[in-house]
Amino acid sequence: SGTFGDQSTGCTYELNPGHDEIADLAKNFNLMAQAISLRENRLIQSEQRLENAQRIALLGNWQWDGESRELFCSDQIYKILATSPDITLTPRDFIRKLPITERKHFFDFLRQGLSTEHFDEFESSVLINQSDSDYVRLRAEFEQVNGHILLSGTLQDISKVKRDELEIIELNRDLEKKVAKRTEELQRINQELEAFSYSVSHDLRAPLRAISGFSQILREEHGPDLTPEACRYLGLVIENSQMMGTLIDDLLRFSRLNRHELKQQVIETVPLVNQVVDELLQDSVYTFRHTPDIEISELKNCYGDPALIKQVFVNLISNALKFTQKTEHPSIQISSAQQDSQVVYRVSDNGAGFDMQYAEKLFGVFQRLHHQSEFSGTGVGLAIVQRVIARHHGKIWAQAEPDKGATFYFTLAKHEE
């Protein structure tokens, strides 16, 4: 007896003397045929998978033999170049598909690759017919086989990618035009706002000063001749003209915020807040039942525009003083905490507070949550605070409860030691 194997199929066959040798040969032949058929089926399936993958990727493979000058192209390349598979493609056919302006680039691509034995990618439009064109990406590899050059590579249809890129470029151009137009409109609006500010500061202040001034003269020089009711009316005129002046000042300050050039630097917060508190207590127009207890914790330094950040503390602390003046034992706390790369500042009081359902109105211009007869103000202070914090890329929010006080939080960039 004896055995022999087929290395190509991996099968082993047997011959047993004393048996029907023809039957053994037939059996072994059938086994060999089955093994060959199995390999052929696997090869066909592999080729089908490769063909499907190339079809999905819009990718074809090619090979050029430098000795025979023959070019092999897969079926997908014929589809990409819209060429009949009955025609044998040559390098010259591919070159004819390139626009004239791209052919020099292609020759440079070939020369450089052959001289360095390394090819970069080559992208170009290709002419499909007289009116249409697509985009392709060519990849190549250099190889020497038995002393002659063998080039192989892929050709991929990248038309959709290129058209998407061109669409994005066009969209960016349109966006740039819109941004430029919007910028021009904003500049015009700013100019109009500056003109309005000038008008307010000059044209409105003069008549207000006249109303207030002549009303005061009238009260001082002719007060005894006026009835009590007339004196009360005159006092209301003076009071409201002064309030109008304050409102104009706040509006001008608010409108100038965006034009104020930020001069950012390290801010030592503790001396800044102490200065604000001292100034507010000295110039305070509020009447307290008891002296307010103001607690200033150790405050972390921050980075920002000192003048604007001072205005933030002025507005928040003055609000705390205003809304605690009717509290039996007014208390204000000012503190800070580090949160990642930012500092969270906190100004808290035990004053009048407010209902949180109206919290979204807090930072709007002219938005007030208390009547003027209860607490005076113009409704601009918190709007100024929010704009300053926004210009410093920070956030501001509040928590409160009626008759139990309010707490305002805002964030600023932390000073890195």
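Which side chain does the side chain of Asp134 meet in a polar contact of 3.0 Å? It is the side chain of Arg163. The legends below start from the whole chain of this predicted model and then move in on Asp134 and other places.

**Figure 1. The whole chain, with its 9 helices and 14 strands.** Before zooming in, here is the overall picture of the predicted model. The chain has 417 residues, and buried residues make up 33% of them. Take the contacts between residues at least 6 apart in sequence: 59% of these join residues at least 24 apart.

**Figure 2. Close-up of Asp134 in strand E6.** Strand E6 covers residues 133–145, and Asp134 has its place there. Is Asp134 buried or exposed? Asp134 counts as buried because its relative accessibility is 18%, and the cut-off for buried is under 20%. Two polar contacts of the Asp134 side chain can be followed in this view. One joins the side chain of Asp134 to that of Ser159, at 3.4 Å. The other runs to the side chain of Arg163, at 3.0 Å. Leaving aside residues up to four places away in sequence, Asp134 touches Ser124, Ser125, Val126 and Ile128, as well as Asp157, Ser159 and Arg163.

**Figure 3. Helix H7 packed against helix H8.** Here residues 269–282 form H7 and residues 306–324 form H8. The two axes lie 10 Å apart, at an angle of about 45°. H7 is therefore oblique to H8. Their crossing is right-handed. On the H7 side, the residues that meet H8 are Thr269, Leu272, Val273, Gln275, Val276, Val277, Glu279, Leu280 and Leu281. Their partners in H8 are Ile309, Lys310, Phe313, Val314, Ile317, Ser318 and Leu321. Sorted by class, the residues of this contact are 11 nonpolar, 3 polar and 2 charged.

**Figure 4. Val314 of helix H8, seen with its partners in the contact with H7.** Val314 is found in helix H8. With a relative accessible area of 21%, Val314 is partly exposed. Which residues does Val314 touch, not counting those up to four places away in sequence? They are Val276 and Leu280. Another pair to look for is Val314 and Val277, whose C-alpha atoms are 7.9 Å apart in space, although the two residues are 37 apart in sequence.

**Figure 5. Helix H8 packed against helix H9.** H9 is made of residues 381–391. The axes of H8 and H9 are 9 Å apart and make an angle of about 145°. This crossing is left-handed. From H8, the contact takes in Leu308, Ile309, Gln311, Val312, Asn315, Leu316 and Asn319. From H9, it takes in Gly381, Leu382, Ile384, Val385, Val388 and Ile389. The contact has 9 nonpolar and 4 polar residues, with no charged ones. Ile309 is worth finding in both helix views, as it meets H7 and also H9.

**Figure 6. Close-up of Ala413 in strand E14.** Strand E14 spans residues 405–414, with Ala413 among them. Ala413 has a relative accessibility of 32%, so Ala413 counts as partly exposed. Ala413 touches Cys302, Tyr303 and Ser341, again leaving out residues up to four places away in sequence. Val344 can also be located in this view: Ala413 and Val344 are 69 residues apart in sequence, with 9.0 Å between their C-alpha atoms.

Conventions:
Residues numbered from 1 in each chain as written. Predicted model: local features only at pLDDT ≥ 70, side-chain atom pairs only at ≥ 80, totals over all residues. Heavy atoms only, no water. Axes fitted to C-alpha atoms, helices over the stretch in contact; angles between N-to-C directions. Helix = DSSP H or I, 4+ residues; strand = E, 2+ residues; numbered from the N terminus. Parallel < 35°, antiparallel > 145°, perpendicular 65-115°, else oblique. Left-handed = near helix turned anticlockwise from the far one by under 90°. Contact = heavy atoms within 4.5 Å. Nonpolar A, V, L, I, M, F, W, Y, C, P; charged D, E, K, R; others polar. Buried < 20%, exposed > 50% of the residue type's maximum accessible area, 1.4 Å probe, protein only. Polar contact = N/O pair within 3.5 Å; in protein donor to acceptor, adjacent residues only side chain to side chain.
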